[in-house]
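Hi,

Here is the structure I promised to pass on. Have a look, and my notes follow underneath.

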Amino acid sequence: MLNPTDEQAAAADAFHAGEHLSLQAGAGTGKTTTLTQLAHATQRRGRYLAYNRAIAQDATRRFPKSVLRKTAHALAYAAVGHRYTSRLGAPRRPAWQTGQALGITKAIRVGDRDLSQKTLSYVTLRTVARFCHTADATITRHHVPQLRGLEEPSLHAQLAAHLVPFARKAWLDLQHPDEGAVRFDHDHYLKIWALTQPKIDADFLLLDEAQDTNPVVEKIFLAQGDHAQLVMVGDSAQAIYHWRGAKDVMAGFDGTQLALSRSFRFGPRLAEEANRWLHLADAPIRLTGADAVPTELGPVTRPDAVLCRTNVGAMAQVMELLSDGHRVALAGGGDSLRALALAARDLKEGRRTTHPELVLFTTWGDLQDYAAYDPAGRDLQPLVDLVDTHGANAILAAVAHLAPEDQAEVTVSTAHKAKGREWAQVKIADDFTPPSDGPPDGTGLETVRRIDDKEACLAYVAVTRTRRRLDIGGLSWINEHPEGASAGPQPPR
């Protein structure tokens with residue numbers, strides 16, 4: 001390794017000793033560079049499991065030929081997925097048609113909610129999708145997604161009892177290579193492959209972005225430990241995809257635990273801010289900034305990127321920036337915002353929607369009441385306010401005026417979509433709201449709500465995207481919060 005840091009040298013020693021290795025790598029600490037240096041320093045045959053296709057393609061030019069660079073899906077396709085080629089890419093069909101083919105022909109009532117045949121069909125397919133992300137062998141009630149308005153456990157159990165048989169029937173349909181009623185996609189053959197308990201032929205495996213690994217991939221990876229050296233690298237504090245089934249496999253991994261804590265992206269002042277959030281998230285690492293990178297914290301009037309907590313927050317930022325005459329891009333494109341706006345328009349015009357967040361609401365008024373009065377609907381209030389203020393058509397028009405990133409003055413992104421990226425000047429949007437106060441204590445005063453670990457992780461991702469200057473903006477409430485005020489740089493555990 002060329003001029004390695006002490007931490008990189010320690011990782012190299014553990015790797016060459018053949019130890020299973022878990023490498024905590026903080027934001028900007030050169031984790032991919034470290035992995036490639038390890039791979040170049042051995043003649044053994046390896047496999048690099050990339051988080052997505054773009055990372056795998058980038059790895060192709062960085063890793064030696066002795067290390068095959070693939071996603072888990074690519075491995076699964078080569079093993080079994082190719083048998084389903086005739087079903088992949090089949091024309092899309094409405095969920096209700098698929099449900100009808102599975103035998104879902106009648107609406108049901110759960111609690112005070114009427115679930116149409118269309119809704120039941122849609123949730124059945126979501127159940128199968130959730131099952132495919134797990135390490136489970138069969139579909140059970142916990143794979144059925146929670147629906148807004150049916151959060152009560154007894155109501156969810158009633159819904160699951162009705163849907164699980166249909167979901168199991170859908171999974172049987174997906175086993176046929178040539179034809180079937182359910183549209184076949186890439187997660188289906190990955191799950192089919194996983195259930196065969198595959199053996200990956202390699203001397204060592206490198207798992208990147210380990211903190212965001214789905215349980216289905218985790219089980220495949222860990223099962224190789226009997227014949228191959230396992231190396232996982234990631235940042236537990238960037239585990240922000242729990243809501244879609246991801247799991248931080250670094251927690252509890254049986255291997256040597258090492259860390260990369262020196263960030264090459266930003267300087268000491270930004271590292272202090274990052275460490276405050278790492279402390280709040282109870283993360284196993286603290287960062288050191290690069291003295292040669294003079295990152296500042298303060299107001300930013302012309303940001304390169306504005307980072308938001310939610311899609312609705314991103315929608316509001318896009319509209320504000322466009323109205324001020326800026327050329328605006330949206331990280332990942334405008335499909336998610338367009339879908340929300342179309343769903344809102346359907347409800348306002350008296351039509352039901354199949355949008356997963358709004359599927360159970362029959363009217364716009366129903367959604368307004370839920371957002372205003374139900375604690376579970378608090379996060380939908382910004383959407384209601386935005387649509388009531390501007391109208392769904394104005395939002396759709398704004399999305400249509402988005403520019404490609406390479407032609408934009410400013411990129412708007414959610415913190416989730418900003419992960420793995422960086423910009424020179426970053427501003428945090430105002431939808432990172434502080435935790436609400438709890439109920440009164442014995443003295444009649446409201447108690448201060450603790451900062452949730454997952455929210456602290458998301459804030460950590462957001463503040464570490466910058467190289468030169470950060471406007472903490474919507475996260476500035478941390479300076480007044482009792483937990484934030486007392487959380488300075490902390491030594492690693």
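A charge sits over a ring if NZ of Lys or CZ of Arg is within 6 Å of the ring centre and within 35 degrees of the ring normal. By that rule, K191 lies over the face of F131, 4.6 Å from the ring centre, and R44 does so over F15, at 4.9 Å.

Before you read on: this is a predicted model, where local features need pLDDT of at least 70, side-chain atom pairs count only at pLDDT 80 or more, and totals for chains, interfaces and linings use all residues. Numbering runs from 1 along each chain as its sequence is written, and side-chain values use heavy atoms, with hydrogens and water left out.

Now the aromatics. There are seven pairs (Phe, Tyr or Trp rings, the six-membered one for Trp, with centres within 6.5 Å; planes under 30 degrees apart are stacked, over 60 edge-to-face, the rest tilted). One of them joins F15 and F204: the centres are 5.2 Å apart and the planes at 90°, so the pair is edge-to-face. F15 is in helix α1 and F204 in strand β6, 189 residues apart (helices are DSSP runs of H or I, at least four residues, strands runs of E, at least two, numbered from the N terminus). Both F15 and F204 are buried, meaning under 20% relative accessible area (exposed is over 50%, partly exposed in between; 1.4 Å probe, protein chains only).

Y77 and Y189 also pair edge-to-face, with centres 5.6 Å apart and planes at 65°. Y77 lies in helix α4 and Y189 in helix α8, so the pair ties together parts 112 residues apart in sequence. Y77 is partly exposed at 32%, while Y189 is buried at 4%.

Cheers
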